[in-house]
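Please look over the model below before reading my points. The notes are short and go element by element.

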Amino acid sequence: MTLEISETIEAMVKKRAPLSLEVIIEAQLPQWRSRVKHLLKNYGTTPIGQITVEQAYGGMRGVHALITEISHVDPFKGIRMRGYTVQEILEKLPRCAGDELPLAGGLYYLLMTNSFPSLEDALSMEALWREYQELPGYVHDLLKAMPTSAHPMTLFSQAILSMQTESEAARAYQDGISRLDYWRPMLKDAISLTAKLPTLAATIYNHKYRTDAPAIPDPTLDWSANFGFMIGKGNETDYLELCRLFMLIHADQENGNASAHTSHLVSSTLSDVYYSCSAGLNALAGPLHGLANQESLRWLLKLRDRYNGVPSKAELADFAHETLAAGKVIPGYGHGVLRSTDPRFLVQYDFAEKHLPEDPVFQLVKQVYEVMPGVLGETGKIKNPYPNVDAISGTLQHHYGVKQSAFYTVLFGTSRLLGLTTHAVWARAMGMSIERPRSLTTEIVEEILEPVHYEEPHSFRYFE
Ligand code: NMX
Ligand code: MLT
C-alpha cells in the first residue's frame, strides 16, 4: 500500500502542471463581487436579523452578523464545507490508491477554490505544500528557548507568530500594493504557512515528548500522514489513516466560532495570516473551545481511575453530577450552534468501532454517550446535551500511543488553519471591512428599554 502512495505522489511531483490557485480564485471574483454589490445596493438597510438583550449579554449566540462562503454549520446536520457534509467530504474527496481516507490537499483545494478536486488537483496541492514544508531555523531556537513547562499551544501560536517575518503580504503592503490585489500575496502566505504545519506540530511534539528527535518529512507521504511519520509512526498504517481523518474533520466550522471569529477580526485590520492565525489559535487554546479535546481525555481517565474501568450507568451519572456540582463543565458535550450529536463525533466513533473496538477508553466513551445526554438534559438549561467533536478525538490519539493530552489542541489547530487561512484570503479578495461593532453600557440598555426610569435622556443620545 505504501508503495502505491509513494508512486502516485512521487510521479505527481515530477510531472505535475503547476497549480495556480490564484488563477482559479481570480476567475470567480467578478461574479462574487457583483453578487455582494447587488445585495448592498438594493438591500443595504434591510434587516436580516435582530439582537436581543439576552444575546448582547450572552456572547452574541445566534446573532447572524458574519458572512463567509467557505462553510456553514447546520444545527442538525453539522458543518458543510463548501456545501459538503463531513460524511460527503470523507466519502467523495479523492484519495490515493489503497488509502482509506482522502487527501487534505483535496480539501484545501475545495475550500480555496470552491471547485471539487480531481485526484490530480489534490496531489498537485500536496506537491505545492511539499515545496514549503521546511521550518525556518529560528523556530527551532525559539522552541528550545521556552521553559519546559510551556503548553504546546503556547509554542504553536508563538512559532506561527515568529514566522510573521516571512510574510509576503506584509512586505507587499509596505511596498504599496493596492487593496484589491492584497489577497494575492496573502494566498502565497497561506500556502507557505499551511505547508509547514505538520512539520511544526511534529517538531513541537518531538521537542516536548521525544527528546528533540528531528521532524523530517517523508517526501512520498501526504500532508496529514506526514505528521504521523515525523513523530515516529510511519509504519503504523492505521495511525496514518487517523491523521487523515483528524485533519479533514477539524478543518473548518463557519466563521462564528471563537477561533475563526478572532482570526477574522485580526485579519480585518489588514494584518497578515501569521498574525491572524496565531491570534485564532490563542482562542482555540481555551477549554470551552479547542482545549476541550485535552480536557475530555483527562475527564475520561479520571472516570476510569475512580471506578477501575468502565463504571455502571448509575456510577457514571454520579460522577457527572459531581463534576457539575463543582461548577465545572462536562468537556466534549454541548455546543453553541449544534442541536444534535456532532457528525464529527460520529465519524470518529465509526473509525473507533472499525479499528479499536476493544479499546478500554473507547468503552468509556460509549458508556458516556449513552448516559450523558440524559444527565445534561435533566439540568433543563443545556441546549445541546450531545457530544461534540472533542468527546472522542483524544481517545483515538491515546489508543495509538499519543497519550500526551496537552498536545491534542495543536492537532486541532493544524487542521483548523486550513479553514482560517481560506477565510482570510477570501475576506481580503472580497474587500471585507475592518470589524468595529458598537458596545453599549448597561445604563444605555436600561435607557432604551425603560426610559421612564430617567428624568432626562443623556448617554442614549449617543446611541445610533
Ligand atoms: N457541561 C456543563 N454545563 C454546560 C455544558 C456542559 N458540557 N454545556 C453547556 N452548559 C451550560 C452553560 O455553561 C450554560 O450555563 P449558565 O447558564 O450557567 O452559564 C448553560 O448550560 C447554557 O449553555 P448553552 O446555551 O447550552 O451552551 P453555550 O452556547 O453557552 O456554550 C459550549 C457552548 C460548547 C461552550 C458549552 O456547551 C460547553 O461549555 N461545553 C463543554 C466544553 C466543550 O466541550 N467545548 C468544546 C466545543 C467544541 N469545540 O471544539 O470548540
Ligand atoms: C469548532 O469546531 O470550532 C467548535 O465546534 C466550536 C464552535 O463551532 O463554536
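The numbered points cover conventions, ligands, a helix, a loop and a sheet.

1. Conventions. This is a predicted model, in which local features need pLDDT of at least 70, side-chain atom pairs count only at pLDDT 80 or more, and totals for chains, interfaces and linings use all residues. Residues are numbered from 1 along each chain as its sequence is written, chains are lettered from A and ligands numbered from 1 in the order in which they are written, and side-chain values use heavy atoms, with hydrogens and water left out.

2. Ligand 1, surroundings. Ligand 1 is surrounded by 21 residues. The closest are Arg61, His289, Gly332, Tyr333 and Asp390. A residue counts as near a molecule or strand if one of its heavy atoms lies within 4 Å of it.

3. Ligand 1, polar contacts. A polar contact is a pair of N or O atoms within 3.5 Å; within protein, one must be able to donate a hydrogen and the other to accept it, and residues adjacent in sequence count only if both atoms are side-chain atoms. Leu288 places a backbone N or O atom 2.8 Å from a nitrogen atom of ligand 1. A backbone N or O atom of Tyr333 also lies 2.8 Å from a nitrogen atom of the ligand. On the side-chain side, an N or O atom of Lys381 is 2.8 Å from an oxygen atom of ligand 1. The protein covers 75% of the 880 Å² of accessible area that ligand 1 has on its own. Accessible areas come from the Shrake-Rupley method with a 1.4 Å probe; for residues, only the protein chains shown count as cover.

4. Ligand 2. The residues around ligand 2 are Gln253, Asn257, His289, His335, Arg344, Phe412 and Arg416. Polar side-chain atoms of three residues approach oxygen atoms of the ligand: Arg416 at 2.7 Å, Arg344 at 2.8 Å and Gln253 at 3.3 Å. The protein covers 83% of the 270 Å² of accessible area that ligand 2 has on its own.

5. Helix H20. Helices (H or I, at least four residues) and strands (E, at least two) are DSSP runs, numbered from the N terminus. H20 takes in residues 408-429, 22 in number. Its first and last C-alpha atoms are 32 Å apart, close to the 32 Å expected at 1.5 Å a residue; that span is 1.5 Å times one less than the number of residues. Where does H20 bend? The bend is at Arg416, by about 35°, taken as the angle between axes fitted to the seven residues ending there and the seven starting there. Arg416 is also one of the residues around ligand 2. Gly431 follows H20, with a positive phi near 65°.

6. Burial of H20. Why is H20 described as largely enclosed? Because 22 of its 22 residues are buried, meaning under 20% relative accessible area (exposed is over 50%, partly exposed in between; 1.4 Å probe, protein chains only).

7. Asn388. Asn388 sits in the loop between helix H18 (360-379) and helix H19 (393-399). Its relative accessibility is 9%, so Asn388 counts as buried. A polar atom of its side chain lies 2.9 Å from the backbone nitrogen of Asp390.

8. The sheet. S1, S2 and S3 form an open antiparallel sheet, in that order. Strands pair if DSSP finds at least two bridges between them. S1 and S3 (84-85) are the edge strands. S1 (71-74) and S2 (78-81) are joined by four bridges and form a hairpin with three residues between them. Ser71 has Met81 as its bridge partner, and His72 stands opposite Arg80.
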